[in-house]
Amino acid sequence: MGHPPSCAAPMPPASFTPPATIGGFPVTALLSARAGRCACAGVDPASGAALLLKLGSPGDALLAGLHHPHLAAVLAAGEEQGQPWSVLEWVAGRPLRAVLAEGVPPQARAWAWMGQLLAALACLHGAGIVHRDITPSNLLITPAGQLMVTDFGLAAHAGRAAGAAGTPAYMAPEQMRGAPAAPRADLYAAGVVLFQLLTGRLPFEGNAGAVVQQALAGAPATPSQRYPALGCRFDGVLARALARAAPQRFQSARQFAMALAEMAAA
């Protein structure tokens, strides 16, 4: 059974002892722990179902009760002694990051995964929620080949949670500047994921500081520059997805998905 991306490295410190229960469910193993947060494997005694139990992931609570086939389900969430806890379904699979490390996937598969990602984002954004950390580490590929969006720790209501939070290579310029959470920042991150699916590389490369400087002041590389065998077919859609100014990007996940569907049909 695969670990959700949020449960990958780093390994838990030897000195950290997980609680016996989280949200009333027994903890069976500590998966990761850092900076006041932990993720544990757990079990539902009534059904025997495996669970992902988390402490210190406040964004999870926003998704409680929200259901979509490509969003990991948050089954329960609350707070105890000032510490947020959450109970999520256990999703077997591999992080997209690990899949990409093996090479560029076939375009048909990349197209299917992007459709699933954008459908999940349309559901989130329709509920007024912004993920704020769409990266290949937080996207799982299940044994059935389906993409699942996970790790909602930074999720926030649209228009709130100002501050530079996220993973620099996937952050929109306005997110780097600390603007309030907005759906178009998630769409920018989805554009970076698409860029990687097509080329195996990032549009901005270097250390975190260099990436931030390039994203704030420069233009992203085109897919054809990173992977010449692609030709220029994808350059236009990625230029729009990764536009520095948010109003120049796709205005919704559905609009982005429609543009990709038109390209696939051409």
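The second largest cavity in this structure has a volume of about 70 Å³, and it makes a good first stop. Keep in mind as you go that the model is predicted.

**Stop 1: the cavity**

Select Val130, Arg132, Ala161, Gly163, Glu174 and Gln175, then add Ala179, Pro180, Ala181, Ala182 and Ala185; together these residues line the second largest cavity. Try colouring your selection by residue class: the lining of this cavity divides into seven nonpolar, two polar and two charged residues. Overall, the count comes to four cavities of 30 Å³ or more.

**Stop 2: the two domains**

Now zoom out and give each domain its own colour. The domain assignment places domain 1 at residues 21–89 and domain 2 at residues 94–265. Where do the two domains meet? For their contact, domain 1 gives 18 residues and domain 2 gives 18 residues. If you draw a line between the C-alpha centres of domain 1 and domain 2, it will span 26 Å.

**Stop 3: the surface between them**

Show the surfaces next. Domain 1 and domain 2 bury about 1,300 Å² between them, and 71% of this area is on carbon and sulfur atoms. Which three residues of domain 1 supply more of the area it buries against domain 2 than any other three? Select Leu62, His70 and Leu71: this trio supplies 43% of the area that domain 1 buries against domain 2.

**Stop 4: polar links across the interface**

Switch to sticks for a look at the charged side chains. One salt bridge is found across the interface of domain 1 and domain 2. Select lysine 54 and aspartate 151 to see a salt bridge whose closest N and O atoms are 3.7 Å apart. On the side of domain 1 that touches domain 2, the residues fall into nine nonpolar, five polar and four charged.

Before you leave the interface, turn on polar contacts. How many residue pairs are in polar contact across the interface of domain 1 and domain 2? There are six such pairs, with both residues at pLDDT 80 or more.

Key: Residues numbered from 1 in each chain as written. Heavy atoms only, no water. 1 Å grid on protein atoms, 1.4 Å probe; cavity = no way out; pocket = protein on both sides within 12 Å on 5 of 7 lines; lining within 4 Å. Points joined across faces, edges and corners; volume = space filled by probe spheres on them. Nonpolar A, V, L, I, M, F, W, Y, C, P; charged D, E, K, R; others polar. Domains from an automatic or database assignment. Contact = heavy atoms within 4.5 Å. Buried area = accessible area lost by both parts, 1.4 Å probe. Salt bridge = Lys/Arg side-chain N within 4 Å of Asp/Glu carboxyl O. Polar contact = N/O pair within 3.5 Å; in protein donor to acceptor, adjacent residues only side chain to side chain.
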